[in-house]
Every structure is written in C-alpha cells, then in structure tokens.
Amino acid sequence: MGQSTSTAAISSRREINHSNRPKSKSTALICPMQPLEDNDDNEIIDGGDPDYISELPDECLACIFQSLNSGERKRCSLVCHRWFRVEGQSRHRLSLNAQSELYPLIDSLFSRFDSVTKLALKCDRRSASICDDALVQISRKCRNLTRLKLRACRELTDAGMDAFAKNCKGLKKLSCGSCTFGAKGMNAVLENCSSLEELSVKRLRGITDGATAEPIGPGAAASSLKTICLKELYNGQCFGPLITGAKNLKTLKLYRCSGDWDKLLQSVTEHVTSLIEIHLERLQVSDVGLLAISNCSDLEILHLVKTPECTNIGLLSLSERCKHLRKLHIDGWKANRIGDDGLIAVSKNCGNLQELVLIGVNPTKQSLESLATNCKNLERLALCGSDTVGDPEISCIAAKCIALKKLCIKSCPVSNQGLEALANGCPSLVKVKLKKCRAVTMEGAEWLKNNRESLAVNLDNGETEQQDASASDGAQENGGAAEFPAPAVPSQMAAAAAAAVAANNMARSTSRSSSMKWRLGLLSGRSFVACTLRRWSSANSNGRGS
C-alpha cells in the first residue's frame with residue numbers, strides 16, 4: 001500500500017514536470033526505494049540518452065562512487081544489486097557508532113563492506129560501548145585493516161586488544177582516546193603489529209599508577225614507528241621505553257602529560273637522534289630538556305607552548321646545534337623567560353628559518369632586526385600578545401623582511417602608522433592579518449589595501465570576543481573580521497575568473513536540478529551519476545576553454 005501511494009504521488013509530480021517539457025521526451029519512472037534489476041541495461045534515461053553506465057566496468061563505477069559524498073553513495077547503492085555490491089566493495093573508509101547494539105550487526109555489515117582498511121569506532125560517553133567480543137569479531141572480518149581509531153570504547157580490555165592485534169598485524173596507524181584498557185593491551189599491539197607507523201594515545205585510563213605501572217615498549221614496531229603523540233596522560237612516562245626504543249622516530253608530540261620530562265628527554269635523545277619534529281605543550285620541561293633536544297641535529301620543527309621553565313639559555317643551546325630549524329613556535333605564557341637573547345641566538349644560528357610564531361613573548365626591535373637580517377628565508381611571521389611590538393617594530397619588519405609573505409599581528413600596540421610602513425615594505429607580502437589591535441582602524445586597513453592592491457588585508461577590530469591565537473597559525477580567522485581580498489589585476493585573469501564563475505554557476509544549476517529530481521524520484525540512480533559525469537565534463541571543458 002505504501003509503495004503504490006508513493007508511486008502515485010511520484011506519477012503526479014512527473015505529469016506536472018512533463019507539462020513544461022517537450023512531449024517527445026520521456027523520463028523513466030523509478031520508485032526511490034525500489035532497486036533496479038541488473039538486466040535493465042537498455043534503459044533510456046534523462047530524456048532519451050542511452051544508459052552507458054551499465055556498460056562501465058566495476059572498477060570505473062567504483063571510481064565514480066569515490067567522488068560522491070556519503071549520502072549520494074547510499075542512494076546509489078539502492079539502484080540495483082550490482083551498484084549495491086560495487087559500492088560496498090569499493091568503500092575503504094568506515095566510521096561506526098560503537099555502541100553495544102553494534103555487535104549483532106557486525107557479520108552482515110562487514111560482509112558487505114569487505115574492503116575496509118580504515119575504521120573509526122566512536123561511542124558516546126553516556127552509552128555502553130562495544131565489548132571485546134565485538135572488536136575481535138571485527139578484526140576477523142577486517143584482517144587488512146591499516147588504520148584504527150577508538151573513541152570512548154570503555155568496555156574494551158587488554159584481552160580484547162590482544163586478540164585484535166593478533167588478527168590485524170598489518171595495522172599502520174592506531175589512535176585511541178578515552179579508552180580503559182591498559183599497558184598490556186598497548187604492548188600487545190606493539191608486539192604484533194610490526195608495521196605500525198603512527199601511534200596516538202589520549203586519556204588512556206587503564207594504566208596503573210606508581211611503581212606497579214607496567215612499562216610500554218616498542219616491541220616489533222621498534223623499527224617502523226615514525227610518529228608518537230601522547231595527550232593528557234596521568235602516567236605518560238610509562239611510554240618512556242617505547243619512545244626510547246623507536247629507532248627511526250621522526251615526530252614526537254607531548255601534550256599536557258604530568259611528570260618531570262627532563263630526564264626522559266635526556267634518555268630519549270641519547271638513543272633517538274633522528275627526530276625532525278617535536279611538540280611540547282603544557283609540559284614540565286626546562287632548559288635541561290632543551291639541551292637534551294639539541295642532540296637532534298636534524299630537528300626542523302619545534303613547538304614550545306606554555307612551558308614556563310624554558311628560558312633564553314635553553315633556546316640558545318638548542319639553536320647552536322639544531323641549525324636546520326625551519327619552523328619555531330613559542331608561546332611564552334607571559335612568563336618573560338624567553339626574549340631578545342634567545343631570539344637573537346636563533347637568528348644567528350638558524351638561517352633556514354621560514355616560519356616564526358611568537359605568542360606572549362616580548363621581542364624588541366633589536367631581535368626582530370636580527371631575525372630579518374639573518375633569516376633571509378623567513379616567509380611567515382606571527383606576533384601575538386606582545387607588549388613591545390609597536391609601530392617602530394613593524395617598520396623594521398617592513399624594511400628588512402624581504403621574503404616575508406604572511407604577517408599576523410594580534411593584540412599588539414600597533415596603529416595606522418605601522419600600516420603605512422607595510423605599504424612600501426616587504427616586497428613579497430601577500431597577506432596581512434590584524435586582530436585586536438585597537439589602534440588600527442578600518443580606515444587604516446582600507447588605506448593599506450588601496451595603496452597596495454595586490455595585498456589581502458584581514459582586520460578584526462576586537463569588538464567581538466574571539467578565541468585565543470593558536471600556535472599553529474598565529475591567529476584564528478572568524479566571521480567578525482573585515483576581509484579586503486587582493487584582486488586579479490591582469491585582464492586575462494579577470495576573464496578566466498569570469499569564465500570559471502559561469503561554469504561553476506552552470507554546474508551548480510545542473511547539480512540542484514539533478515538533486516531535486518533525485519529527491520522527487522524522477523531521476524534514477526543511473527541518471528544521477530550520468531548527470532554528475534556530464535556536469536564534471538561541462539565544467540572542465542569550460543575551464544580549459546577559458
């Protein structure tokens with residue numbers, strides 16, 4: 001009864017739609033939830049076009065599915081048995097709600113999605129998660145799994161992780177957060193997954209405290225591990241043997257982990273000297289730890305975020321040995337322990353510096369001039385919450401930083417006078433962000449834009465409360481900012497842009513029409529993919545023609 005009613009409603013809409021179309025054209029009527037038979041290969045779709053989709057090999061059809069979003073893929077899987085099969089077999093990434101109700105569905109679910117290599121299991125904190133039996137069953141169905149993400153799966157134990165690791169020995173990336181298994185489960189993964197390259201652990205609740213804590217070692221992954229990230233761990237130093245034993249470790253990230261890390265960093269850098277990237281955030285680490293890090297002579301990226309015990313002395317010792325440093329982020333937390341002396345040392349020893357982010361640090365014209373003079377490749381500079389960065393310092397940057405491309409200034413005593421210096425300085429500058437600089441006005445930003453048309457200027461006068469600047473990009477963009485984009489000056493670029501806009505508008509119009517027909521049931525799954533292919537082809541041809 002429901003199906004006939006749906007068909008009748010669709011038929012009436014079909015008649016209304018046909019009243020505005022030539023009488024010679026017809027559209028195949030397909031109930032939205034009724035799959036087509038596989039032998040409907042000669043169907044005429046979308047106004048008389050042959051159904052070439054049925055002639056595509058499964059591999060080509062799978063490539064098309066890869067270009068669709070999740071909702072479109074689900075709808076396409078309802079078209080016919082073949083599409084249902086190909087869509088399931090071509091899906092390599094799957095994210096599931098890992099509540100306990102998932103267990104009875106595992107067999108049927110992974111019989112369809114039998115090619116999954118990247119799996120995310122996420123549970124609501126207020127719900128009961130899957131248990132060991134469910135994880136073991138998944139591991140039997142997904143033996144080719146290379147990536148696994150576990151979130152709030154609190155019913156998993158060491159035994160479940162051990163059985164999982166024995167079935168999925170090809171695992172390359174493991175990320176777990178707010179889980180309750182402990183050191184034995186983690187060691188089981190490291191002992192069995194010899195190809196593990198990335199390990200991320202956040203709030204692992206099952207690690208015991210004190211002297212009874214079982215150490216976590218690298219196991220069979222000693223040679224393969226490239227990245228280790230530890231976040232918010234009360235007993236994070238249990239991972240010390242793991243970090244020390246990872247012979248080819250490239251990236252180490254430690255965020256908000258309790259304990260004294262100076263001694264552990266000394267031990268790590270005595271055995272692992274291949275580190276290229278180190279992040280330390282809200283960690284108990286001092287100049288002793290920075291001196292230990294200086295043993296990593298190939299270090300290129302260093303983030304020191306809210307580590308108030310680090311001073312100019314530690315930064316000096318590190319810069320003297322880590323001469324390949326390219327990116328340096330320092331959040332001094334207004335402690336004034338790092339300043340001109342440390343920055344001048346960096347400028348003299350790290351000539352390859354390309355990106356510098358200073359938050360809560362007070363550099364003066366002296367250190368900024370040294371950085372501009374010695375770091376000829378400095379392209380990105382962010383100065384946030386610095387009481388000493390005013391118009392003279394901005395003028396110094398404008399005069400000296402010839403390679404600078406992006407400049408971010410937040411909560412600094414800069415005025416319109418400092419912007420005047422940027423109008424004629426920094427010849428490579430393409431973007432300026434100004435945030436919470438109260439002395440900078442909208443008129444000043446407009447003046448800078450008008451006098452340097454190739455420059456994109458983003459101004460936030462601070463009237464709306466915003467988030468703090470992050471160490472990753474210096475400042476966060478937001479809806480309260482005034483954007484002054486740089487125009488495309490050459491006429492050829494303007495013509496190309498106009499042609500691209502026209503092609504995009506046409507593609508959007510076709511997409512909206514196709515999506516509406518899909519929702520009304522007037523367009524079959526085959527027609528939907530055919531329209532998508534024609535839309536891409538039309539947009540690409542117009543883009544090339546312009």
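Strand β11, helix α12 (residues 312-321) and strand β12 form a right-handed β-α-β unit in this predicted model. A second right-handed β-α-β unit follows, built from β12, helix α13 (residues 340-349) and β13. Further along the chain, helix α16 (residues 416-424) holds N416, and α16 lies roughly parallel to α17.

**Strands β11, β12 and β13**

- Strand β11 covers residues 301-305 and runs parallel to β12, with five bridges joining the two.
- Strand β13 covers residues 355-359 and also runs parallel to β12, again with five bridges.
- I330 of β12 is the bridge partner of L304.
- On the β13 side, I330 has L358 as its bridge partner.
- Strand β12 spans residues 327-331 and is mostly covered, with four of its five residues buried.

**Helix α15 and its surroundings**

- Helix α15 runs over residues 391-400.
- Its buried residues are D391, E393, I394, C396, I397 and A398.
- Two helices pack against these buried residues: α14 (365-374) and α16.
- Two strands do so as well: β14 (380-384) and β15 (406-410).

**Helices α16 and α17**

- Two packed helices are described by the angle between their axes and the distance between the axes.
- For α16 and α17 (residues 442-451), the axes come within 9 Å and cross at roughly 10°.
- Angles under 35 degrees count as roughly parallel, so α16 is roughly parallel to α17.
- The α16 side of the contact consists of N416, L419, E420, L422 and A423.
- The α17 side consists of G444, A445, W447, L448 and N451.
- An α-helix has 3.6 residues a turn, so residues three or four places apart point the same way.

**N416 in detail**

- N416 sits in α16 and is one of the residues of that helix that meet α17.
- N416 counts as partly exposed because its relative accessibility is 24%, and buried would require under 20%.
- Leaving aside residues up to four places away in sequence, N416 touches A439, V440, T441 and G444.
- With T441 there is a polar contact, side chain to side chain, at 2.9 Å.
- N416 and L448 are 32 residues apart along the chain, and their C-alpha atoms are separated by 9.0 Å.

Methods:
Residues numbered from 1 in each chain as written. Predicted model: local features only at pLDDT ≥ 70, side-chain atom pairs only at ≥ 80, totals over all residues. Heavy atoms only, no water. Buried < 20%, exposed > 50% of the residue type's maximum accessible area, 1.4 Å probe, protein only. Contact = heavy atoms within 4.5 Å. Polar contact = N/O pair within 3.5 Å; in protein donor to acceptor, adjacent residues only side chain to side chain. Pairing = 2+ DSSP bridges. Right-handed = clockwise from strand over helix to strand, strands pointing away. Axes fitted to C-alpha atoms, helices over the stretch in contact; angles between N-to-C directions. Parallel < 35°, antiparallel > 145°, perpendicular 65-115°, else oblique.
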